[in-house]
Amino acid sequence: MASAELATVQEHGRAALERLGLPTRRQEAWRLTDLKRLEALARLPLSSAVGSSALPPAAAGVLRLVLDGQSDPLDGVALPDGMSVLSTAELEQVLGHTLDRCGCAGSWPVELNHASARQVLALRVRGVTHPLELVFTGSAGLTATRVLLLVEEKASLDLLQVLQSDVASAHSHVLEVHLGQEAQFRHGLLATADGQPSLMALLAVEQEPRSRYAFTSVVQGWNLARVEPRVVQVDGQATTELKGLAVSQADQQLATHTAVRFDGPEGELDQLQKCLAGGRSHAIFNGAIQVPRDAQRTNAAQLSRNLLLSERARVDTKPELEIVADDVRCAHGATVSQLQEDELFYLQSRGIAAADAAALLLRGACQEVIEHLPAAAEAWGPLERVMTGLSQ
Amino acid sequence: MIRPDAELLLDINDLHASVEDQPILKGVNLQVRAGEIHAVMGRNGSGKSTLSKVLAGHPAYRVTAGSVRYRGSDLFELEPEERARLGVFLGFQYPVEIPGVSNLEFLRVAANARRSKQGLEELDTFDFEDHVQEKLQVVQMDPAFLERSVNEGFSGGEKKRNEILQMALLDPVVAILDETDSGLDIDALRIVAGGVNQLATPENATLLITHYQRLLDEITPDYVHVMAAGRILRTGGRDLALELEKTGYDWVDKELVAQGVA
Ligand SMILES: Nc1ncnc2c1ncn2[C@@H]1O[C@H](COP(=O)(O)OP(=O)(O)OP(=O)(O)O)[C@@H](O)[C@H]1O
Ligand SMILES: [Mg+2]
């Protein structure tokens, strides 16, 4: 938890960043990234002040922890039954394990986080416990946060992460989650901003057999955002559900890079990614699915549906399927379209004005993903947040 | 019910319209007065849906000649939403699915748009739920459909019932029902037809586009029109539909040739 144990991690991270340098366009995973913005982010000083922003009251029964990268989020908090803090010895053993397993140890966003994070929130979850809400706030400069969760066998957890950067210039976040056998993890990420700050978020999840992971991300309004959910089913036989919504406006660049690997048979994936791009913005989706030889009878479906809301907006969407096993069902599809004339007309023919009809369709398109966020998200008015982004 | 002195609701004169520069409607003439029920029949592709969409204001169709007056004013001066608010209703042949938009919310927004034009008070969420429950009975529809997204995953027949539910909520002056009967099972057909009969008054009018006598056994038309090649080729009473049932459309070709159209 405290900074002492992290000193070595930090050193390594800084050395790695030196060695790696900034990503370049020649690297496939960064080919479309606005590198100028990435460079600006990398040059930011670490934030030192503690930011404060007004938060809506947490939903009833939800445990809220506030992470600002500086103060102890557990200060004055009594953890509910079933939730406990990892000891230093345990943490040393497990920290970084899931990143390794997911193949993202040593990647630039991870090293950036290592070099900058001053603390780790590390929790163990047993049985069925209260829904957890992690709210990330920051101040000027780069705020770095790191979280590790061990969800034990048969345990069940609802987690909502809220990143709202009204004050921070940039946020680096790394999450590691290990799901034991038959564990259930419902996970939401609500990351909205006002167009200025940047976000690098990497979320690594390891799934034991018969576990269920349902992830919903809603990303809107960052100058530059890169959200990377990385999932490994260590022995297959698990269920993964990924739903993503990215809403970009003005000259924002929002990228979602997902990767799901099946290291065993009979795994399932159901994935829907949606991007709504307006203004001169650029939305990027890369969806990797890896099905090695041992992953027979994998059943995966990936759908990428995108809406271009202006002529100057751009969407790049790419499935990346690496399928070696032969007895596999893997469906994928991508569409890029504008608002459908027939849908607009249907609404207009019922007395709804053209502009209202368009807004209703956009709300609907967003709602299809937003409705899958954990219940705690209600308190944050996710649909309104996303729609303000669109009406700017 | 035919009353020569009833208000002329819809007056279509020599209407021509194209889609993608392809002329489809080639001189439609039709007058609809309050209290009347008109059936429009005709072969596939004869222009029935095109006529209905032109009347509702679909942007893909361009009016190239002729006029339509709705209660005395130029219909084409009005945006589609304005026509709807003034009481023009189109029941679609293929209702659109709109994922993520709740049917209940959609119905409420639509009903309120019409109500405010009628000088009625707009209904809030609670009052609307009571209001809609009442209208559900007209089509004997399960309230569970209100909770779903607009038409999403509805069966063909369920979509058609949802159209008639919208008609019941919007209280139209001129309702154009484009093949509302197709895709309905025998019971549903009776229910929907019953709903349409219930909603018909001496003040409004209905245009039923259909292929089958079945519907006209349930809803008695005052006029039956046969469309062919973008025009109304023949108009008669309900007997014309019965005759078509027997003879089919073979005579249409001869008549088109005789008129020098084909
Ligand atoms: N958007 C469009 N683009 C191209 N052609 C069209 C379009 N809409 C209609 N048409 C053509 O116009 C003609 C009339 O079509 P319409 O849908 O009005 O026929 P209909 O009488 O309703 O037929 P049905 O009984 O099969 O419903 C058809 O030949 C059709 O292919
Ligand atoms: Mg038709």
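This passage describes the surroundings of ligand 1, one helix of chain B and two residues with positive phi in a predicted model.

Local features are reported where pLDDT is at least 70 and side-chain atom pairs where it is 80 or more, whereas totals for chains, interfaces and linings use all residues; side-chain values use heavy atoms, with hydrogens and water left out. Residues are numbered from 1 along each chain as its sequence is written, and chains are lettered from A and ligands numbered from 1 in the order in which they are written.

Ligand 1 is surrounded by 15 residues, of which G45(B), K48(B), S49(B), T50(B) and H211(B) come nearest (a residue is near if one of its heavy atoms lies within 4 Å). By class, this shell holds three nonpolar, eight polar and four charged residues; Ala, Val, Leu, Ile, Met, Phe, Trp, Tyr, Cys and Pro count as nonpolar, Asp, Glu, Lys and Arg as charged, and the others, Gly among them, as polar. Helix α1 of chain B (residues 48–56) supplies the largest share of the shell, three residues; helices (H or I, at least four residues) and strands (E, at least two) are DSSP runs, numbered from the N terminus.

Polar side-chain atoms of S49(B) and H211(B) lie 2.8 Å and 2.9 Å, respectively, from an oxygen atom of ligand 1. For Y61(B), a polar side-chain atom is 3.2 Å from a nitrogen atom of the ligand (polar contacts with the ligand are pairs of N or O atoms within 3.5 Å). The protein covers 64% of the 630 Å² of accessible area that ligand 1 has on its own, as computed by the Shrake-Rupley method with a 1.4 Å probe.

In helix α10 of chain B (residues 250–258), W251(B), V252(B) and L256(B) are buried, that is, under 20% relative accessible area, with exposed meaning over 50% and partly exposed in between (1.4 Å probe, protein chains only). Viewed down the helix axis, the buried residues fall within an arc of 140 degrees and so line one face of α10(B); the arc is that of the directions from the axis to the C-beta atoms. On the other side, D250(B), K254(B), V257(B) and A258(B) are exposed. The cover over the buried residues includes β11 (223–228), β12 (231–236) and α9 (238–247) of chain B, contact being heavy atoms within 4.5 Å. G260(B), with a positive phi near 75 degrees, follows α10(B).

Most residues other than glycine have a negative phi. In K154(A), however, phi is positive, near 65 degrees. This residue is found in the loop between β5 (142–151) and β6 (156–165) of chain A and is exposed, at 53% relative accessibility. D14(B), also not a glycine, has a positive phi of about 45 degrees. D14(B) lies in strand β1 (residues 8–19) of chain B and is partly exposed, with a relative accessible area of 40%.

How values were computed. Polar contact = N/O pair within 3.5 Å; in protein donor to acceptor, adjacent residues only side chain to side chain.
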